[in-house]
Every structure is written in structure tokens, then in C-alpha cells.
Amino acid sequence: MDDKKRGSRKLPLVIGLPVLAILAWWGANSYFGGSGLAREELLALKNSGLASVENIPNKLRNDGTESMKLFTQLVKAAPDVMLGIRNLAIAGILAVEKQHANRDESPEKYALTLKLAREALVELREKDPDSGIVDILEAKLHVTLEEEAEAAKLFRAAYDKHPDDSIALMELFVLLRNGQGEERDEVVRQAATVNANNLIVLEQIVRLQAESEDKAIVSTLNNAIEVLAPYKAILAQQKIEVATELPQFVQAIEAGDDAVWNKVKIRMIQVFNVVKQDFGYHTDMVQLQRHPLEYLIHEFPKDYFDASDLPDVGSGGIEVSFLERDSFATLHELEGVLDAIICDFNLDRQLDLIVLQSGKLSVFELDDQADQWSSTHSVEIAADLQHVIAVDLDRDATTTTPEAYSVSDFDFLLYGAGGVQVVENVLPKDTQQRSLMVSDKAFANADISDVAFVSIADIENDGDLDLVLACQGGLQLWKNHENWLFSDVTSNALPEAAKSLNTQVLATADFNRSLQQDIYVSGGVFENIRHGRLRFNEASTDLLPDERLSSLAVFDVDNNGTADLVFGVGQGLSGALTGNTPGGKVWKQGEFQVTSDSPRGLRPIDFDNDGWRDLVAWSDEGLQFYRNNGNAGLEIAEVDVPDLQNVSKVDVDDLDEDGDLDLLVVANKKLVVLDNEGGNVNHWIKVRLCAEPDPMFKVQRSNVHGVGARVDLRSASGFQSQQGDGRVVHFGVGKSEGAEAVRVLWTNGIPQNILSPKPRLTFTEKQELLKGSCPYLYTWTGEKYEFFTDLLWAAPIGLQFGEGVIAPTRDWE
């Protein structure tokens, strides 16, 4: 939503029109004729179509008509590429699904949509008969039409064509798992052979084997001991000890005890009655299906356009300078500043400064004339803490935005030699007067000391932000249980933490576009393998040298949608460019050496708003800027900046709200604010993320400020991708007059798009969730009725990435 207009941007729709009117409308807009569209027009059409189709599942008024219209035009304009053909079929399938429930209200329109969807599938089958994709897509259409037998045949056909890809088998498993008969039993057994660690598959196979007294259950139970290990604590609350009981079952089965089979069945039903209430069970359901959106093609073939049509990269850079504001006398007088960050403390959409001095944390706000900073709040803290981070740890949605959205404020995590301490940002309902208060609950009895770095990440994607600590003894992972309760889960979550003993840097980012947060340290990456577990990725040692890095920044350098690395090491500042298969392997695509200097810290910053993120580095010698040249590398930039010494911290944001990024610098333990002069000659688009703080279903939760969410900008002039860090996301767009779409992929896997955003505006994107009543199902365990599951969940919402690739799904029903 445009913060200035505060009006909702709605997709153009045609609802309830008769068939002839729809056809006439499309024809009048040249959607059934040929087209000689230029490259930029084709890219704009493609981007608009992708944004529109991704909004079908979760935008109530988007019934798919617009998406089908756009991709029909694209097929006519570029009939020789698969992009338009497959995407039109996908748009048709989603349109049928969206209109199906209310088909009696607009029967003619629904009949036309179904007809066009089927025709698109016929054309797709003619163009691509062997990949199995058309079989899966057509099967999903039959699922919507409640034609289970036809859907099952097509899923089976897709799996037979490509048995190396198990997704069609998993789709068939989901379709049949609650049924009966030999086909269902065969599919469950097949699913268990290829996906034995999935909780839903494990639940089904162990029950089937117990009921059929299949001795292959011995292997299943031994595997279950490891798979269920992360749930030891919640199972113990129900007096279930998997590590003890399952080996006893195995011994009884191997001894020929016929009475044990029913005991195994009943006990495992009880086990999964507990486990299925956990977030991890539902994320495992996610892994079993692939939403139609995941089959979208995002890009034209690389050689589709003539080289002469391709735009110049890195050509939008302009000269900028950073000037110190002499009028900020109050800030200049501060002594002994250890750390400082930029943060909207009171959520009034005016940025404030959070300043850490020995034993004191203060908030500084700018006066109405934007002339002076004054201290408005302060609190005494432990004296041996040297760093501060702004993070919402309690989801206290006590503030309402101008758009009437509920949001939570930022709290403050302090860390250093003395360990960690949390300062709460408190807003009582009765007084509505903010204050800072040291938490007496968070980490009250934690034995933590010598913390060098802290990174914030939602490791389990459960909506609560967890803490990764780099301490003298290595990495620690502290899980956020809400209500200021944190627990050290390092031993179970990071069993290889000892491999990080030498790290002096720490970052969290999505290593392989799985929408899971991974941990970067000196020498490699701990990859998130779900269920709150991480393991060291041995292949990542090719990306990061096995040396103690002095600094590290993880961001998309070459605008290809993957996380690249820039790091300071003994021989200087270097970089590694990456490519990956979403959810799979990551490889080095290139590397570069920037300078022989090894800085203390690094921050990405598109200081000239040209759409290529640059870099600011700092050290005892001052500040150094590196311009992104758009050719897969950085180069030293000549930027006019004050001569500062002993720089210990730099933070980046648009402090004066003029459209370019400014700097807050700690140098010689004093504060310096540097205004960006000239960067706003180029255009920009800013996006403020606002997730639903308390959705109906926990699996829909994302942390309120979108930390870890993926934000992509799609434009005919280029593609950009950033990871949300809780701040307003800032895109430079050069001379472009906007974009076709800004796409937000929330950490719960739900994508939504801002359509045709104009430049020089800030948009607030509210997470949209389909809602509905949800009855509960209870089941008899053999002893009593217990909660089994929720019913009638929202329709599946797909997960998509940019740059023509698909990722593992995050949808489930």
C-alpha cells in the first residue's frame, strides 16, 4: 500500500460477465491477435502475468481472469517459448480452483474458465508430453473437480515417467493416504522407501506395518527414534519416552511377541497425536506437495533476445557525497558511545537513534524541525555490554498503523563480554506512554559470557525470532518459546557447533533458497535441514576460506536472486558469487578480489539508487565505499566523505526520508550522522513489511516485521532481490518509472505482489491470509479421545522464487 495514498491497489477483474462478453473484452484488447512486442514490452507483460497469477490464491478479488488474459497475450506474442504456454495452463488451473466453490453464482463464467484451462492443458501436453509436469497439473485440476480416480492415474503416470523425482508419488500419497485398499497400501510403502524421514509418511507406514504385522516395522521404528528426537521434550510432557519405548517394541517383535503389535499401533497413534500439534509436523506436510505456482516459468530462454536488445548493466551509477550535519550538536556532545543503530522506536514512521554507552541505553528522537536530536528515553543496563540490536522478541502488537494494521514494536538485545540482556519496549494500555525496562525473565538464569556476535533468525519459521550467538566457546542457538522464555537448543540443533570455534563473524541468510535461515561463519555454512536442526554443509567450504574472517556481508551482488558473499580476510576484501538449485545444491559461479585491505565491518548499501547494491566498509582508517559495477563485481568508489578515524560501527537507513540511504557512524566513540547528497537523483521504491501478528493457524505465522522474508522487484529493466531484516526494504531503480511488481515471499511460504508500484513512494505490504472457521477432529487412542488435527484448512498457497526457478513448496492443506 502506498503510504501516501493509503488506498489498496486492486487487480483489474471481470466478474460475472457472460461468456460472449468475456470473449469480446479479450478480443477488443488484442489478446487473440499476433504481436510484435519489443523486449521491454514482453518482459513487462511476463512480469505482470507472474505477479497476477501469484496473487490468485490469497487475494480474494483475484479470480484468475486477469492472469489468463495476460498469459494468453503472451502466448500470442511469443508462441515459440514454453513460458507463456505453461503459465497459461497454471493460471487456468488456479482460476478454476478459485471459482469452483462459488461456481453456481456465475455458471457461464466458470464454464468458460474450465474450458480454457482444459484447452491450455491440451496445448501444453502437445508441446511437452514427456516431462510429467502436464500430468501433475492436470491431476491437480481433477482434484479440484473432485475426480480422485482420474487424479490418481495422472499422478501415477507422472511418477512412472520420472521415478527419480518423487514429488508425483508424494502427491499420490497425500491423495490416497486416508483411504483404504491395496493401492493405498502400496503407495504408503513406496512413499516410505523414498521419504522415510517425513513425519506424515512415518505416521502412515508405522500404522500400516503394525496393523499388517509386517516385521519391516523394525527398521521403521529404529528410524523413528532419530526422526522423533527433536520432539523429545513435548513427548515427555505426555510421559512418552520414544528413546526407551521403541527399542523395547523392537526387542518384543524380534522375540516373536504377538501381543506387541496392537501396543505399537496404539502407542504410535498417541505419539503422533502429540507431534502433529507441533509446527514441524505441518511443515512436513508442506514437503509432500508442489503447488501449481511452483511450475511457473519465470524467464525467457537466455538466448531469446538479441544481444543488441540487452540493457547496459551498472550504467545508472551517479556521483554522491556524504556530508556531516553540523547542526546536530546534541549528538556531537555524546561521549563514550559503544554502539548505535537506527530504529523506529515508537512506530511513528520517523526513524530514531538507539545509543549504547557504558551502563546506559538511550533513545534519541529528531525534533519537528529536523534540526536537533534529543534524548527521550533511557535505562540503566549492565556495564559490560558493548553491542545493541533492535528486534521484536515478544510479538506485542500494541500499536495500530495509519492503515489500521496491528504491529509490534522493537525491543533491544544487548550483548558483549557480560553475556546478553534484553530491554523491553513497553507501551502500557492505560497510559500509552512508552518506557524502556530491563527484562527480568529473558535469559535470567542463562550462563552466557563473551558474546562476540549475535544474529537474529526464525530458525523454525514458526513466527518467533530465535538468537544465534557466537561466543568464545563457539556457536549457541537459543530458541524463542514466547513470553520471554528462551532455551539453549545447541546440543540438538547444532551438534557440529564445534566447527565454528574460530569464527569472528556471523550472519544468517537463506543459503540455498529453501526459505529456511542458514548460519554463515568463518569457513562455511550451517544449513537448516528443518525441524530446528542445522548441519555443516561441507560443500560450503568452497565459498568461504578456512581462515578467520574479519568481516562478512551476505547479499545478492549480481542480481541473480542468490545469496553472494563479500568478506574480509588476511589478504584483503574478496567476494564469491553463487548459483543454486532452490532447496538443493549451491555452487560458486565466480569470485573477485576487491582490495588488499581487510575491514572491520561491511554493510550493503545502494548509495546511488542505481539498482545494484554497493558496499560500505569501515576500519580504524575510516570509511571506504565500493561501487557495484553490475558486471559481477565491486570496485573502489571515489565518494566524498569526512575523514573519520577508529570507526567501530556503521548503520544504514534513510534518516531524512528523502529517498537515499544515509549513515550513522560511531567513530572515536562519538556519533556522526552523514547525509547522502545526490543519491535521490535516481528513483527508488521502498516496502514496509507488516505480517499478521496473530493468524488463525500457527502454520501461517510470520514474524511481524518480515525478518527473513524474501522481497523481489521485477522490472523490464532488471531484477532485484533482498532479504527482510525488520527495516523498510529499499530498492534503487535508477531512471525507471517504477516496476511491474514487488513480490513478497513471507517466511510461511505465501507469496503476494504489489502490482505496478510507482517510484519515489513507500508501500506498506500487509500479509494477507484467507480465513475461515476450522472444526477440530478428535480420535480414540485405545484409552481416551485426544486431539487429532484441524480440518478444512485454507487452500494451499504456493512458494515461488524469481529468475525462472522453482523451490520446495511451503503450502499444505
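**Exercise 1. Work out how covered helix α15 is in this predicted model, and what does the covering.**

Start with the helix itself: α15 spans residues 279-286, and eight of its eight residues are buried, so count it as mostly covered. Going along the helix, the buried residues are Phe279, Gly280, Tyr281, His282, Thr283, Asp284, Met285 and Val286. Next, look at what sits against them: the cover includes α10 (199-211) and α14 (260-275). Finally, check the N-terminal end, where Asp278 acts as the cap. One of its side-chain oxygens lies 2.8 Å from the backbone nitrogen of Gly280.

**Exercise 2. Decide how α10 is oriented relative to α11, and find the residues that meet.**

Take the axes first. Those of α10 and α11 (residues 217-227) come within 10 Å and cross at roughly 150°. Angles over 145 degrees count as roughly antiparallel, and therefore α10 is roughly antiparallel to α11. As for handedness, the crossing is left-handed. Now for the side that each helix offers: α10 brings Leu199, Leu202, Ile205, Val206, Gln209 and Ala210. Across from them, α11 supplies Ile217, Thr220, Leu221, Ala224 and Val227.

**Exercise 3. Is Asn461 buried or exposed, and which residues does Asn461 contact?**

First, locate Asn461: you'll find it in the loop between β12 (451-457) and β13 (466-471). Its relative accessible area is 4%, and the cut-off for buried is under 20%, so Asn461 is buried. Then follow the side chain, which reaches the backbone oxygen of Leu515 at 2.7 Å. A polar atom of that side chain also lies 3.2 Å from the backbone oxygen of Thr747. To finish, skip the neighbours within four places in sequence and list the contacts of Asn461: Phe279, Leu515, Gln516, Arg701 and Thr747. Phe279 should ring a bell, as it is one of the buried residues of α15.

**Exercise 4. Lay out the sheet that contains β6, β9, β10 and β11.**

Begin with the order: the four strands run β6-β9-β10-β11, the pairing is antiparallel, and the sheet is open. The edges are β6 (387-391) and β11 (435-438), each of which pairs on one side only. From one strand to the next, the twist averages 25°. Now zoom in on one pair: β9 (residues 411-416) and β10 (residues 419-426) run antiparallel and are joined by five bridges. If you want a landmark for lining them up, Leu414 stands opposite Gln421 in β10.

Methods:
Residues are numbered from 1 along each chain as its sequence is written. This is a predicted model: local features need pLDDT of at least 70, side-chain atom pairs count only at pLDDT 80 or more; totals for chains, interfaces and linings use all residues. Side-chain values use heavy atoms; hydrogens and water are left out. Two strands pair if DSSP finds at least two bridges between them. Helices (H or I, at least four residues) and strands (E, at least two) are DSSP runs, numbered from the N terminus. Axes are lines fitted to C-alpha atoms, for helices over the stretch in contact, and angles run from 0 to 180 degrees between N-to-C directions. Buried means under 20% relative accessible area, exposed over 50%, partly exposed in between (1.4 Å probe, protein chains only). Contact means heavy atoms within 4.5 Å. A polar contact is a pair of N or O atoms within 3.5 Å; within protein, one must be able to donate a hydrogen and the other to accept it, and residues adjacent in sequence count only if both atoms are side-chain atoms. Angles under 35 degrees count as roughly parallel, over 145 as roughly antiparallel, 65 to 115 as roughly perpendicular and the rest as oblique. A crossing is left-handed if the near helix is turned anticlockwise from the far one by less than a right angle, and right-handed if clockwise.
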